[in-house]
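Below is a short report on one protein model, written for a reader who has the coordinates open. The text starts from a single residue and works outward.

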Amino acid sequence: MTIHKHSYAELAKIGMKYHNDTGFCSLVATCVATGKPFSKVFRAYEAAGRRVRSGTKRITQNTVLASFGKKLIVDADKTYAYATLAGVANDCHTWGAGVYWIYVRGHVAAVRDGVLEDWSAIRKYRGRVITIHKIVNN
């Protein structure tokens, strides 16, 4: 089984060019968490009821993650340590190995092995962190 480690820029390009999609932050986060290609994740979300150019609900994200053998576990220590996503972007390199999802209002970002794979890594989005979850095998 091949594990893909695409960057955010590569995944976003695939989503916009080949699927004519936007608002796919949860799809990118799922690709980062599972190592699956964007098209496979796109089809999984489509089967779970996601419409093109629209966001997803947490229950849909959990369903798709479970279909790939993953689940979310709240990391309370990290959640209370960071106020904004910009703070996470500045400090995530110290987190070490593993995949984390950072929820802010209307958005989810992913950190893989200490690298923030999200557009907010470039533009330093200051959205308030709601929760931080670690991705683990089911």
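Leaving out residues up to four places away in sequence, Y100 touches D75, K78, W95, A109, A110, V111, I132, H133 and K134. The model is a predicted one. Y100 lies in strand β2. Its relative accessible area is 5%, under the 20% cut-off, so Y100 counts as buried. Across in β3, the bridge partner of Y100 is V111. S39 is 61 residues from Y100 in sequence, and the two C-alpha atoms are 21 Å apart in space.

**The sheet**

Strand β2 belongs to an open sheet of 5 strands. The strand order is β1-β5-β2-β3-β4, and the pairing is antiparallel. Two strands form the edges, β1 (70–74) and β4 (115–117), and each of them pairs on one side only. On average, neighbouring strands of this sheet are turned by 30° against each other, direction ignored.

What are the partners of β2? On one side, β2 (residues 99–104) pairs with β3 (residues 107–112) over 6 bridges, in the antiparallel sense. β2 is also joined to β5, by 5 bridges, and these two strands run antiparallel. I102 takes part in both pairings: A109 stands opposite I102 in β3, and I132 is the bridge partner of I102 in β5. The hairpin of β2 and β3 has 2 residues between the strands. In that hairpin, G106 takes a positive phi near 75°.

How buried is β2? Burial covers 6 of its 6 residues, so β2 is largely enclosed by the rest of the structure. V99, W101 and Y103 point one way from the strand. Y100, I102 and V104 point the other way.

**T131 in β5**

T131 is found in strand β5 (residues 129–137). T131 has a relative accessible area of 19%; the cut-off for buried is under 20%, so T131 counts as buried. The side chain of T131 makes a polar contact with the side chain of H133, at 3.0 Å. Neighbours within four places in sequence aside, T131 is in contact with R58, T79, W101, I102 and Y103.

**Nonpolar cores**

The largest nonpolar core holds 25 residues. Which members touch the most others? They are L27, V28, F38, W101 and I135. The elements giving two or more residues to this core are α1 (8–19), α2 (25–34), α3 (38–47), α4 (58–67), β2 and β3. The most comes from α2, which gives 6 residues. Another core of 14 residues lies apart from this one, and L85, W95, I102 and V104 are among its members.

I135 has contacts of its own to list. Setting aside neighbours within four places in sequence, I135 is in contact with A33, L65, K70, K71, L72, V99 and W101.

**Helices**

In α2, 9 of the 10 residues are buried, so this helix is largely enclosed by the rest of the structure. The buried residues of α2 are S26, L27, V28, A29, T30, C31, V32, A33 and T34. G35 follows α2 and has a positive phi, near 80°.

α1 and α3 pack at an angle of about 65°, with their axes 10 Å apart. The contact is made by L11, I14, G15 and H19 of α1 with F38, S39 and F42 of α3. α1 passes α3 in a right-handed crossing.

**Positive phi outside glycine**

Two loop residues other than glycine take a positive phi, as tabulated here.

| Residue | Phi | Loop | Relative accessibility |
|---|---|---|---|
| D113 | near 50° | between β3 and β4 | 40%, partly exposed |
| K124 | near 50° | between α7 (120–123) and β5 | 38%, partly exposed |

Why does D113 count as partly exposed? Its relative accessibility is 40%, and partly exposed is the class between buried, under 20%, and exposed, over 50%. K124, at 38%, counts as partly exposed because of the same cut-offs.

Technical notes:
Residues numbered from 1 in each chain as written. Predicted model: local features only at pLDDT ≥ 70, side-chain atom pairs only at ≥ 80, totals over all residues. Heavy atoms only, no water. Pairing = 2+ DSSP bridges. Helix = DSSP H or I, 4+ residues; strand = E, 2+ residues; numbered from the N terminus. Axes fitted to C-alpha atoms, helices over the stretch in contact; angles between N-to-C directions. Buried < 20%, exposed > 50% of the residue type's maximum accessible area, 1.4 Å probe, protein only. Polar contact = N/O pair within 3.5 Å; in protein donor to acceptor, adjacent residues only side chain to side chain. Contact = heavy atoms within 4.5 Å. Core = buried A, V, L, I, M, F, W, Y, C linked by side-chain atoms within 4.5 Å. Left-handed = near helix turned anticlockwise from the far one by under 90°.
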